[in-house]
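Here is a short round of questions and answers on a predicted model. Look at the fold first, then at how the chains meet.

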Amino acid sequence: MNRLLGSFLSAFVFGLGLAISGMIDPAKVQGFLDISGRWDPSMAFVMAGALVVTALGYAWLRKRGEGLGGRRLQWPTQRTIDLRLVAGSALFGAGWGLSGYCPGPVIGSLASAGIDAMVFVAAMILAMFATLKLVNKSAN
Amino acid sequence: MTIAEFSTAPALLGGALIGLAAVMLMAISGRVAGVSGIVGGALTPRAGDFGWRIVFVLGLIAGVAVAVGLGVVSIPAAQNQPLARLIAAGVLVGVGTALGAGCTSGHGVCGIARGSPRSIVATMVFMVTGGLVVFALRHYFA
């Protein structure tokens, strides 16, 4: 199947899943992260459902060695656990907790959510772009 | 601690659909379904590696919009978060996912599902800092 069509269909299913799971609601996400208050375990079930299906599907694809129609599977190759990974993840978590937004749900909500999502996405995209430019520059 | 009201079925079903989407993207397009990585790659494009990323973003928006439009889910209540907080959070997520090379989807779902030690570490770290920030926000700044 066409790579672009696959990308669209996959993302469409991803968006349906985000909406049905409730993860497009930042209050629900913060409710999961707040284990000291009224804990909302929803996200644990979302993660469990996603992990089981992905692990099974990925195992099948690994065994197969190629995707549908002989597509080359581009698995991530990075292996090092370094300060950059830990510091970046720590910063991401802080912003995620602060707002209840992470990239998938907030970008998916752009057409259906209010101004909050747009402001967040604008700030996120600019920061992402600046960081990637700086990192790539220092790597060269 | 008390447990909030929640329902298991939509969470599990929604999660399974997210997993299906990750498998579809790898099977059909050969790529990992990490949203920050897909968007980051579109911001610093290489030849022949741009179109599928934009299409992915459009599909994601369409999927959520259709679910909301069909009334399968309701639009979350507007939070009207303070502008400064939204911008600060957006910057933290942008810088953090660019440095840490992933977010909840790339590390939390795809990475853990393929048993990547990097992703397991990243997910533990962002869950902990996320939890600490929500704790501070709700119990000290409420």
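Q: What percentage of the 140 residues in chain A is buried?
A: This is a predicted model, so the burial is computed from its atoms. A residue is buried if 20 or more other C-beta atoms lie within 10 Å of its own. In chain A, with its 140 residues, the buried share is 54%.

Q: Which pattern does chain A follow along the sequence?
A: Chain A holds six helices and one strand. Its C-alpha trace spans about 45 × 40 × 30 Å along the principal axes. Read along the sequence, the pattern is α-α-β-α-α-α-α.

Q: Which helix of chain A gives the most residues to the side that touches chain B?
A: The contact takes 105 residues from chain A and 103 residues from chain B. Elements of chain A that each supply at least two residues include helix 2 (26-33), strand 1 (38-39) and helix 6 (115-139). The most, 18 residues, come from helix 1.

Q: How many residues on the side of chain A that touches chain B are nonpolar?
A: That side divides into three classes. Ten residues are charged and 31 are polar. The nonpolar count is 64.

Q: Which residue of chain B is the bridge partner of Arg38(A)?
A: Strand 1 of chain A pairs with strand 1 (residues 2-3) of chain B. The sense is parallel, over two bridges. For Arg38(A), the partner in strand 1 of chain B is Thr2(B).

Technical notes
Residues numbered from 1 in each chain as written. Chains lettered and ligands numbered in written order. Predicted model: local features only at pLDDT ≥ 70, side-chain atom pairs only at ≥ 80, totals over all residues. Contact = placed C-beta atoms within 7 Å. Helix = DSSP H or I, 4+ residues; strand = E, 2+ residues; numbered from the N terminus. Nonpolar A, V, L, I, M, F, W, Y, C, P; charged D, E, K, R; others polar. Pairing = 2+ DSSP bridges. Buried ≥ 20, exposed ≤ 12 C-beta atoms within 10 Å, placed from the backbone.
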